[in-house]
Amino acid sequence: LNRLDAAIKFRGRAIEGGAIKLQDIALTLGLDNGLLQLKPIEFGLEKGRIDADATLDGRQAAPQMAGHVRINGLDLNALLTQFGIRTKSTGSLRGDMTLSMQGRSPHELAASAAGKGLVVMGGGSISDLLLQLAALDLQQALGQMISHDQMPINCFVMPMQIQAGRINADPWLFDTPDNLVNIKGYVDLGSETVHLALEPHPKDFSLFNTLSTI
């Protein structure tokens, strides 16, 4: 970063590579005396759009990075497809997140992350039965396995406080027609571990409700 200065503006209709398919890309990059600024970074997926700003200060021994990400109407299925996950899940995501971090490698940056954010999904459905089998309603899940129906989602709310690389569920709320689930715990980017506890609160009686909390 300290050996090169640059000013780049890029626009493209589409970029495709493997499962990654981005649309309507706009990028402005400026690099001056070790200070890299990406303002803005904008791209769309099949449905929805992500806008972000990022700064990487390489003038110190341990570079500092800060960023702001905005998610607008992002389709859940389109997002999962980017990671090679193909399901019939549906839903629209909106969110806002600010982050700062410091380190000399991607792992050090992730382990030092601090910030806050909120991601909300209103409506939709999910076809993955793992969530039901693990924590919601085993009795209902068995019926879903037979009928192959999707589980409708009223909303999913993820407020996040991020400290020392740990994303804390504060808590996350997952609402379906049959259950309201509180998700508490954390995702630790430094140790690459996940520790989440799901507490289902059924809206109707089920024989397996008392057995389904993990």
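Author: Before we start: two strands pair if DSSP finds at least two bridges between them. Also, this is a predicted model.

Reader: Okay, so in what sense do S9 and S10 pair, and over how many bridges?

Author: S9 covers residues 155-163, and S10 runs over residues 166-175. Cys 155 in S9 stands opposite Asp 175 in S10. The pairing is antiparallel, and the count of bridges is seven.

Reader: Which residue in the turn of the S9-S10 hairpin has a positive phi?

Author: The two strands form a hairpin, with two residues between them. One residue in that turn has a phi of about 50°, and that's Ala 164.

Reader: Which residues make up the covered face of S9?

Author: In a regular strand, side chains alternate between the two faces of the sheet. On S9 the uncovered face has Cys 155, Val 157, Pro 159, Gln 161 and Gln 163. That leaves the covered face to Phe 156, Met 158, Met 160 and Ile 162.

Reader: Which members of the largest nonpolar core touch the most other members?

Author: That core has 27 residues. S9 and S10 are among the elements that give two or more residues to it, and so are helix H1 and strand S11. The members touching the most others are Leu 93, Phe 156, Trp 172 and Ile 183.

Reader: Leaving aside neighbours within four places in sequence, which residues is Trp 172 in contact with?

Author: Contact here takes heavy atoms within 4.5 Å. From S9, the partners of Trp 172 include Phe 156, Val 157, Met 158, Pro 159 and Met 160. The rest of the list is Ile 167, Val 181, Asn 182, Ile 183, Val 187 and Leu 196.

Terms used: Residues numbered from 1 in each chain as written. Predicted model: local features only at pLDDT ≥ 70, side-chain atom pairs only at ≥ 80, totals over all residues. Heavy atoms only, no water. Buried < 20%, exposed > 50% of the residue type's maximum accessible area, 1.4 Å probe, protein only. Helix = DSSP H or I, 4+ residues; strand = E, 2+ residues; numbered from the N terminus. Core = buried A, V, L, I, M, F, W, Y, C linked by side-chain atoms within 4.5 Å.
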